[in-house]
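Dear colleague,

I am handing over the structure we spoke about, and below it you will find a short account of what was found in it. Please read the text with the structure open beside you.

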Amino acid sequence: MKSYFISYEAFKQKGGSIKTTTITYDEVLAVLTMHMERLDKQFSLILNGHLPKPLHEILDDAFEQSHLYKAFYTQHCAHRNYRYRSLSKNRIKVDFTLSYRMNRTDEKDMLTEMDAVLARITTPAMSTLERVVAVHDYIVRTYSYELHTKGSPFSVATFMKEKRGVCMAYALLFEKLMDRLNIPCYYVIGQADGEGDGGHAWNMVEIDGAWYHVDVTWDDIGHAGNHEIRYRYFLLTDDQLAKNHQWDLDLYPPCTSERFKAMHNLYDACLVGDELVYPHPKTAYLTAMSLTTLQTRKLEEIRVQYCTYANGLVYFSNYSDGATLYTYATETKELTKCGADQVSAIHQSASGLVVTYENGKTDQIAIESCA
């Protein structure tokens, strides 16, 4: 990763802290990150030493790269202003005024809810891959892409409250959930085909020492009534994502492993223990993939859709029997028909499953355990 700034971690290792007010130009990014992590609105810094380029360019570069560290905080900084004056030769005082899309109460509420979600969808026994899958699937099933929201569509607070937002909110929530799980993750800023001039945001995540791209927004192809899981933009290499995304490769670690290529054609999947259960991409037969070996096995020779896991069972629409609601117990292999109405969607929320039928009827199924 190329940047003339030292990293947030390197600054802390050399003894730097929020109390450090006199810094060199290469420490600007780290100190700004610390202040934004505290949601500080006004503060001053003194830059000491020769500057390799004009000060306003250094400050602009620091703000543009601030998403590399503590993105949940730095990207909630909505507006920034600064003014500066020379104190002496090679000493400049800079006064900052910042505003944010969240406050300390918002932060506390969001972190409390995030921890409750993670306690529900993950377990200590899960592998890193299983946890990443669980978070990816939770976001896709729970949230919808929408620019028009009551609060800011860029804010995670709005996203978690209204369950709607844009790519920035998707990527920031994913990054923060990874942070709470101690899984290395970057918030990535770039461009994507069809996204216009406003830019696009996604993530990079580290699994077993290798980095991968994850674009949760582009994997969310559902709507308010049905959020279908797919993995087309999940754990990709640089080359795979570069077909329709562009970003500054110098700012991020390279993603070169094709280990999870077999997952990219999966859809309507659900996580069951250490396996994904889904319709086979070609036959639609009920199939499972081990997340340990990435090997697959056919569970039942029936055509299925909308696979959703809850209460120890896989719920799905059985197209081999009129698209009616069925459940499947992976441990006992018990297949059970739940009704005669044709299913049009299965939606999962924190409170339960909502099964919608073609005749307009809906069923609510309480979730006893999502872990």
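Two strands are said to pair if DSSP finds at least two bridges between them. Please keep in mind throughout that this is a predicted model.

With that definition in hand, strand 7, which covers residues 185-192, is a good place to begin, and it is mostly covered, since six of its eight residues are buried. Strand 7 is joined by three bridges to strand 11 (residues 245-247), and these two strands run antiparallel; within this pairing, alanine 192 has histidine 245 of strand 11 as its bridge partner. Strand 7 also runs antiparallel to strand 8 (residues 200-207), to which six bridges join it, and here isoleucine 189 has alanine 201 of strand 8 as its bridge partner.

Further along the chain there is an open sheet of nine strands, placed in the order 12-13-14-15-16-17-18-19-20 and paired in the antiparallel sense. Its edge strands, each of which pairs on one side only, are strand 12 (270-272) and strand 20 (362-366), and from one strand to the next the twist averages 55°.

At the strand 12 edge, three bridges connect strand 12 with strand 13 (residues 275-279) in an antiparallel pairing, and cysteine 270 stands opposite valine 277 of strand 13. Helix 6 (residues 128-142) packs on this sheet, where it touches strand 12, strand 13, strand 15 (296-310) and strand 18 (334-348), and the direction of helix 6 makes about 140° with that of strand 12.

With best wishes

Note on methods:
Residues are numbered from 1 along each chain as its sequence is written. This is a predicted model: local features need pLDDT of at least 70, side-chain atom pairs count only at pLDDT 80 or more; totals for chains, interfaces and linings use all residues. Side-chain values use heavy atoms; hydrogens and water are left out. Buried means under 20% relative accessible area, exposed over 50%, partly exposed in between (1.4 Å probe, protein chains only). Helices (H or I, at least four residues) and strands (E, at least two) are DSSP runs, numbered from the N terminus. Axes are lines fitted to C-alpha atoms, for helices over the stretch in contact, and angles run from 0 to 180 degrees between N-to-C directions. Contact means heavy atoms within 4.5 Å.
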